[in-house]
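Biologist: I'd love a close look at one part of this model, with enough of the surroundings to place it. Could you walk me through it?

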Amino acid sequence: MSLRTDAEQHHLLVEELVVVFRQLGYRILGADGVEGLPPPKKLHNDGYGDQRDKMPDVYAFDEKEQRYVIGEAKTGRGDLETEHALTQYNVFLDQFDRSTGRQARLYVILPESRIPEFNSLITHYIHREYWQSIVVVRSKRWQE
């Protein structure tokens, strides 16, 4: 069992996702709380949940695919199915590049033990046409 707080675990997941994005060759445009990177910009909410714009944990651009890549870290400790999280998923999946029209891809990093719960949630709350734009990343640093 980990002695780290949920906030510390979340921060470690954000840092791990930055590493994953760099390994994939994505240009990091912003990351929340990661030294040397600016904070990500808030993304426009076009009518979901609380109606507020949402800031992802990591924001990047995939030059090869010419699409934006949005990263979100979830500990799985009460943060997967909140109203805030459900709004985030919808807002992030509703982002399209103005010049190319390409939908952003959403990467969600979480502990392996939480992946089945997340997958179940996605099939219940997210429209089927968005499923192909979600990439689940199993944390290699955090095992429960």
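Which residues are linked in a network of salt bridges? Please start there, and then show me what surrounds them.

Modeller: Happy to! Please keep in mind that this is a predicted model. The network of salt bridges links Glu65, Arg67, Arg102 and Arg105. Within this group, the side chains of Glu65 and Arg67 meet in a salt bridge, with 3.7 Å from N to O. Is Arg67 buried or exposed? Arg67 counts as buried because its relative accessible area is 8%, which falls under the 20% cut-off. Its partner Glu65 has a relative accessible area of 32%, so Glu65 is partly exposed.

To place these residues, let me turn to the strands. Strand E3 covers residues 67–73, and strand E4 covers residues 105–110. Both belong to an open sheet of five strands in the order E1-E2-E3-E4-E5, in which the pairing is mixed. The edges of this sheet are E1 (27–31) and E5 (134–138), each of which pairs on one side only. On average, neighbouring strands of the sheet are turned by 20 degrees against each other, with direction ignored. E4 and E5 run parallel and are joined by five bridges; in this part of the sheet, Leu110 stands opposite Arg138 of E5.

Now for the setting of the sheet in the chain. There are three helices and five strands, and from the N terminus the elements follow the order α-β-β-β-α-β-α-β. Helix H1 (residues 6–23) lies across E1, E2 (58–62), E3, E4 and E5, and runs at about 150 degrees to E3.

A good residue for connecting the network to the packing around it is Ile70. Leaving aside residues up to four places away in sequence, Ile70 touches Arg105 of the network, and its other contacts include Phe21, Val58, Phe92, Leu106 and Tyr107. Ile70 also belongs to the largest nonpolar core, which has 21 residues. Together with Tyr89, Leu106, Phe118, Ile122 and Ile126, Ile70 is among the members that touch the most others in this core. Helix H2 (83–93), E4 and helix H3 (115–125) each supply at least two residues of the core, and the largest share, six residues, comes from H2. Apart from this core lies another, of 18 residues, with Leu13, Ile28, Tyr107 and Ile109 among them. In soluble globular proteins, nonpolar side chains tend to be buried together.

H2 deserves a moment of its own. This helix is mostly covered, with nine of its eleven residues buried. The buried stretch includes Ala85, Tyr89 and Phe92, and also polar residues such as Thr87, Gln88 and Asn90. The buried residues of H2 pack against E3, E4, H3 and E5.

Back to salt bridges, to put the network in context: the structure holds seven of them. One is formed by Asp6 and Arg77, whose closest N and O atoms are 2.8 Å apart. This pair links distant parts of the chain, with Asp6 in H1 and Arg77 in the loop between E3 and H2, 71 residues apart. Asp6 counts as partly exposed because its relative accessibility is 36%, and Arg77, at 28%, counts as partly exposed too. Another salt bridge joins Lys54 to Asp50, where the closest N and O atoms are 2.6 Å apart. Here Lys54 is buried because its relative accessibility is 6%, whereas Asp50 is partly exposed at 32%.

Finally, here is the chain as a whole. Of its 144 residues, 47% count as buried. Its C-alpha atoms fill a box of roughly 45 × 35 × 25 Å along the principal axes. A compact globule with 144 residues would have a radius of gyration near 15 Å, so the 14 Å of this chain agrees with that expectation. Among contacts with a separation of 6 or more, 64% are between residues 24 or more positions apart.

Notes
Residues numbered from 1 in each chain as written. Predicted model: local features only at pLDDT ≥ 70, side-chain atom pairs only at ≥ 80, totals over all residues. Heavy atoms only, no water. Pairing = 2+ DSSP bridges. Helix = DSSP H or I, 4+ residues; strand = E, 2+ residues; numbered from the N terminus. Axes fitted to C-alpha atoms, helices over the stretch in contact; angles between N-to-C directions. Contact = heavy atoms within 4.5 Å. Core = buried A, V, L, I, M, F, W, Y, C linked by side-chain atoms within 4.5 Å. Buried < 20%, exposed > 50% of the residue type's maximum accessible area, 1.4 Å probe, protein only. Salt bridge = Lys/Arg side-chain N within 4 Å of Asp/Glu carboxyl O. Rg over C-alpha atoms; globule rule 2.2 N^0.38 Å.
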